[in-house]
Amino acid sequence: MKRFLIILYLLLSLNVHVFSQTNQDKFKEEIESYVTKLSTITDKNQKSFYYNKIGYIYWINLKDYDKALEYFELSIDKNKEVKNENGLYNIYTNMASIYNEKNDFDKALKFHGKSLIVRKSIGNKDIIFDGFYNIAILYSQNGDFTKSNKTLMDCLEIAEELKNKKYVKSCYALLSKNYENLGQSENSLRYFNLYSTLESTILNEEIAKKEKEADNKVNKVIKEKTYIANKNKTLEKELK
């Protein structure tokens, strides 16, 4: 029995390896096809599109971070040329995430900072909030809970300005966690209670919204049936 289990384990391990290798080959072939397309393309937006696709495959599928960064840099150059700020802040954020996965905190912070500058240039408060929140998470993940909390205050200011309860809730949750890690249990509990209260409020609002939508659908059906019934009665009177 023991020998059978060992053989089964070896066979399964071999299958996993073969499957993984097959997937890797597939992704490499996909990259080759994009590189071929790039050699025939002159449009800068299209070039940026394919640089991004190649970067994503190297990052997400092949875990080749250096190659991913290389192609994202190429995409940045094209996005700058066509002044595509939406593309820029997203790529900077991706690069920050890669550096974070490589445990290079300084470069991760640098690229989140670049992303935030572009977000501010665009002026959309939602994406500015995301930019600050990404930095707050990065500080928290790397153990600088004080700087994370300071950044969260910027997040909260924007969230309250937007009157976005879900943004505020996210800030409260991370503040509670940070204060717990700082050993400040009173502050941690205060923000946890704020988080819990807001979570209940959001849940009740969503339930009320769904109930209202359901009522509206029922009322619509009733109105349609009433309309059809009245129309049929009118038609019957005309036929008599």
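Both tyrosine 99 and phenylalanine 111 are buried. In this predicted model, the two rings form a stacked pair, because their centres are 5.4 Å apart and their planes meet at 20 degrees. The pair joins distant parts of the chain, with tyrosine 99 in helix H4 and phenylalanine 111 in helix H5, 12 residues apart. Phenylalanine 111 also has a charged neighbour: lysine 114 lies over the face of its ring, 5.9 Å from the ring centre.

**Aromatic pairs**

In total, the structure contains 15 aromatic pairs. Another stacked pair is made by tyrosine 58 and tyrosine 71, with ring centres 5.9 Å apart and planes at 20 degrees. Here too distant parts of the chain are linked, since tyrosine 58 belongs to helix H2 and tyrosine 71 to helix H3, with their positions 13 residues apart in the numbering. Tyrosine 58 has a relative accessibility of 13% and therefore counts as buried. Tyrosine 71 is likewise buried, at 13% relative accessibility. Elsewhere, Tyr34, Phe49 and Tyr50 form one aromatic cluster.

The two stacked pairs described above are set out here.

| Pair | Distance between ring centres | Angle between planes |
|---|---|---|
| Tyrosine 58 and tyrosine 71 | 5.9 Å | 20 degrees |
| Tyrosine 99 and phenylalanine 111 | 5.4 Å | 20 degrees |

**Overall fold**

The protein chain has 9 helices and 0 strands. Its pattern along the sequence is accordingly written α-α-α-α-α-α-α-α-α. Of the 240 residues in the chain, 32% are buried. When contacts between residues at least 6 apart in sequence are considered, 50% join residues at least 24 apart.

**Nonpolar cores**

The largest nonpolar core consists of 31 residues, and those with the most contacts inside it are Ile54, Tyr58, Phe72, Met95 and Ile98. At least two residues of this core come from each of helix H1 (2–38), helix H2 (44–61), helix H3 (65–81), helix H4 (85–101), helix H5 (105–122) and helix H6 (125–141). The most is given by H4, which supplies 8 residues. Apart from this core lies another, of 23 residues, which includes Ile128, Phe132, Tyr139 and Cys155.

What does phenylalanine 72 contact, leaving aside its neighbours within four places in sequence? Its partners are Asn52, Gly55, Tyr56, Trp59, Ile91, Asn94, Met95 and Ile98. Two of these names, Met95 and Ile98, also appear among the residues with the most contacts inside the largest core.

**Buried asparagines**

Asparagine 94, one of the partners of phenylalanine 72, lies in helix H4. Asparagine 94 has a relative accessible area of 11%, so this polar residue is buried. With neighbours within four places in sequence left aside, asparagine 94 is in contact with Tyr56, Trp59 and Phe72.

Asparagine 178 is in helix H8, which spans residues 165–181. At 0% relative accessibility, asparagine 178 counts as buried. Its side chain makes a polar contact with the side chain of asparagine 149, at 2.9 Å. Beyond residues up to four places away in sequence, asparagine 178 touches Ser140, Phe145, Ser148, Asn149 and Leu152.

**An exposed glutamine**

Is glutamine 141 buried or exposed? Its relative accessible area is 54%, so glutamine 141 is exposed. Glutamine 141 is placed in helix H6. The side chain of glutamine 141 makes a polar contact with that of asparagine 100, at 2.9 Å. These two residues are 41 apart in sequence, and their C-alpha atoms are 9.4 Å apart in space.

**Cysteines**

A search of the whole structure finds 0 disulfides. Cysteine 155 is in no disulfide, and the nearest cysteine sulfur, that of cysteine 171, is 4.7 Å away. A disulfide requires the sulfur atoms to lie within 2.5 Å. Cysteine 155 has 0% relative accessibility and so counts as buried. For cysteine 171, which is also in no disulfide, the nearest cysteine sulfur is that of cysteine 155, at 4.7 Å. Cysteine 171 is buried as well, at 0% relative accessibility.

How values were computed:
Residues are numbered from 1 along each chain as its sequence is written. This is a predicted model: local features need pLDDT of at least 70, side-chain atom pairs count only at pLDDT 80 or more; totals for chains, interfaces and linings use all residues. Side-chain values use heavy atoms; hydrogens and water are left out. A nonpolar core is a set of buried Ala, Val, Leu, Ile, Met, Phe, Trp, Tyr and Cys residues joined through side-chain atoms within 4.5 Å. Buried means under 20% relative accessible area, exposed over 50%, partly exposed in between (1.4 Å probe, protein chains only). Helices (H or I, at least four residues) and strands (E, at least two) are DSSP runs, numbered from the N terminus. Contact means heavy atoms within 4.5 Å. Rings of Phe, Tyr and Trp (its six-membered ring) pair if their centres lie within 6.5 Å; planes under 30 degrees apart count as stacked, over 60 as edge-to-face and the rest as tilted. A charge sits over a ring if NZ of Lys or CZ of Arg is within 6 Å of the ring centre and within 35 degrees of the ring normal. A polar contact is a pair of N or O atoms within 3.5 Å; within protein, one must be able to donate a hydrogen and the other to accept it, and residues adjacent in sequence count only if both atoms are side-chain atoms.
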